[in-house]
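Work through the exercises below with the structure open. Try each task before you read its solution.

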Amino acid sequence: IAHELRRVTRRGGKVVCVECDWETATVHPGDRALTRRILQASTDRHLDGWMGRKLAPLLRASGLRDVAVEPIVACETDAGAWLDFLRDRPAIALEAGAITEEEGASWIGSIEAAAGTGGYFFSVTQFAAVGTV
């Protein structure tokens, strides 16, 4: 895709790509080993859960110059859209065989309880890469 973006961009033009690196997701609270299993199952269901970290090398390999990368960190400490995202993760991990139904219910229960008392935290990093044709 980076080669095609380079091909259709005028000389001197910029190509910008933004992708999550799903393995950078962090959440609190939650048992460390269980959280890792749940988030890893979620990362592995993407075509490439590590795409964010691969953007700069891909842009360089396509012949773009002056490639730069900036992190964009989504961070949530109150119940919001990312908590809704987390509510879906146990089902994904259960389907992948990474956890039991009871483990998933316990995990999301502890996160939801923490969200109600100010003890919740979630973050994930996206990477914005830009290069010049």
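**Exercise 1. Find the place and setting of D66.**

The model used here is predicted. Start with the element: D66 belongs to strand β2, and β2 covers residues 65–76. Next, look at the backbone. D66 is not a glycine, yet its phi is positive, about 50°. Last, check the surface. The relative accessibility of D66 is 58%, so D66 counts as exposed.

**Exercise 2. Describe T132, a residue that touches D66.**

Step one is location: T132 is in strand β3, which spans residues 121–132. Step two is burial. The relative accessible area of T132 is 7%, and buried means under 20%, so T132 is buried. Step three is the list of contacts. Setting aside residues up to four places away in sequence, T132 touches G12, G13, K14, L64, R65 and D66. One of these partners, K14, also has a polar contact with T132: their side chains meet at 2.8 Å.

**Exercise 3. Decide how many disulfides the model has.**

The rule first: a disulfide needs two cysteine sulfur atoms within 2.5 Å. Take C17. The closest cysteine sulfur to its own is in C20, at 14 Å, so the two are too far apart for a bond. Now take C75. Its closest cysteine sulfur is also in C20, again at 14 Å, and this too is too far for a bond. The count is zero disulfides. As for burial, C17 has a relative accessible area of 16% and is therefore buried.

**Exercise 4. Examine the aromatic pair W82 and F122.**

A search of the whole structure gives five aromatic pairs. In the pair of W82 and F122, the ring centres are 5.0 Å apart and the planes meet at 25°, so the pair is stacked. Where do the two partners sit? W82 is in helix α4 (residues 81–95) and F122 is in strand β3. The pair links distant parts of the chain, 40 residues apart. Compare their accessibility. F122 has a relative accessible area of 0% and is buried. W82 has 21% and is partly exposed. Now widen the view: W22, W82, F85 and F122 make up one aromatic cluster.

**Exercise 5. Find the charges that lie over the rings of W50 and F85.**

Begin with W50. R53 lies over its face, 4.0 Å from the ring centre. Then go to F85. R89 lies over the face of this ring, 3.8 Å from the ring centre.

**Exercise 6. Map the largest nonpolar core.**

A general point helps: in soluble globular proteins, nonpolar side chains tend to be buried together. Here the largest nonpolar core has 22 residues. Those with the most contacts inside it are V27, L86, W107, I111, Y120 and F122. Which elements give two or more residues to this core? They are β1 (14–28), α2 (32–44), α4, α5 (101–117) and β3. Of these, α5 gives the most, with five residues.

Now follow V27. Neighbours within four places in sequence aside, V27 is in contact with T35, L39, L86, W107, I111, Y120, F121 and F122. There is also a second, separate core of ten residues, including V15, L55, L59 and A129.

**Exercise 7. Trace the surroundings of T35, a contact of V27.**

T35 is in helix α2. The relative accessible area of T35 is 8%, so T35 is buried. Beyond residues up to four places away in sequence, T35 touches V27, G30 and W107. With W107 there is a polar contact as well, 2.8 Å between the side chains.

**Exercise 8. Inspect two loops.**

Look first between β1 and α2. That loop holds P29. The peptide bond from H28 to P29 is cis, with omega about 5°.

Then move to the loop between α3 (51–61) and β2, where S62 is found. Is S62 buried or exposed? Its relative accessibility is 6%, so S62 counts as buried. Neighbours within four places aside, S62 is in contact with A2, H3 and R6. A polar atom of the S62 side chain lies 2.8 Å from the backbone oxygen of L59. Finish with a distance across the model: the C-alpha atoms of S62 and I99 are 40 Å apart, and 37 residues separate the two along the chain.

Note on methods: Residues numbered from 1 in each chain as written. Predicted model: local features only at pLDDT ≥ 70, side-chain atom pairs only at ≥ 80, totals over all residues. Heavy atoms only, no water. Buried < 20%, exposed > 50% of the residue type's maximum accessible area, 1.4 Å probe, protein only. Helix = DSSP H or I, 4+ residues; strand = E, 2+ residues; numbered from the N terminus. Polar contact = N/O pair within 3.5 Å; in protein donor to acceptor, adjacent residues only side chain to side chain. Contact = heavy atoms within 4.5 Å. Phe/Tyr/Trp six-rings, centres within 6.5 Å; stacked < 30°, edge-to-face > 60°. Lys NZ or Arg CZ within 6 Å of the ring centre and 35° of its normal. Core = buried A, V, L, I, M, F, W, Y, C linked by side-chain atoms within 4.5 Å.
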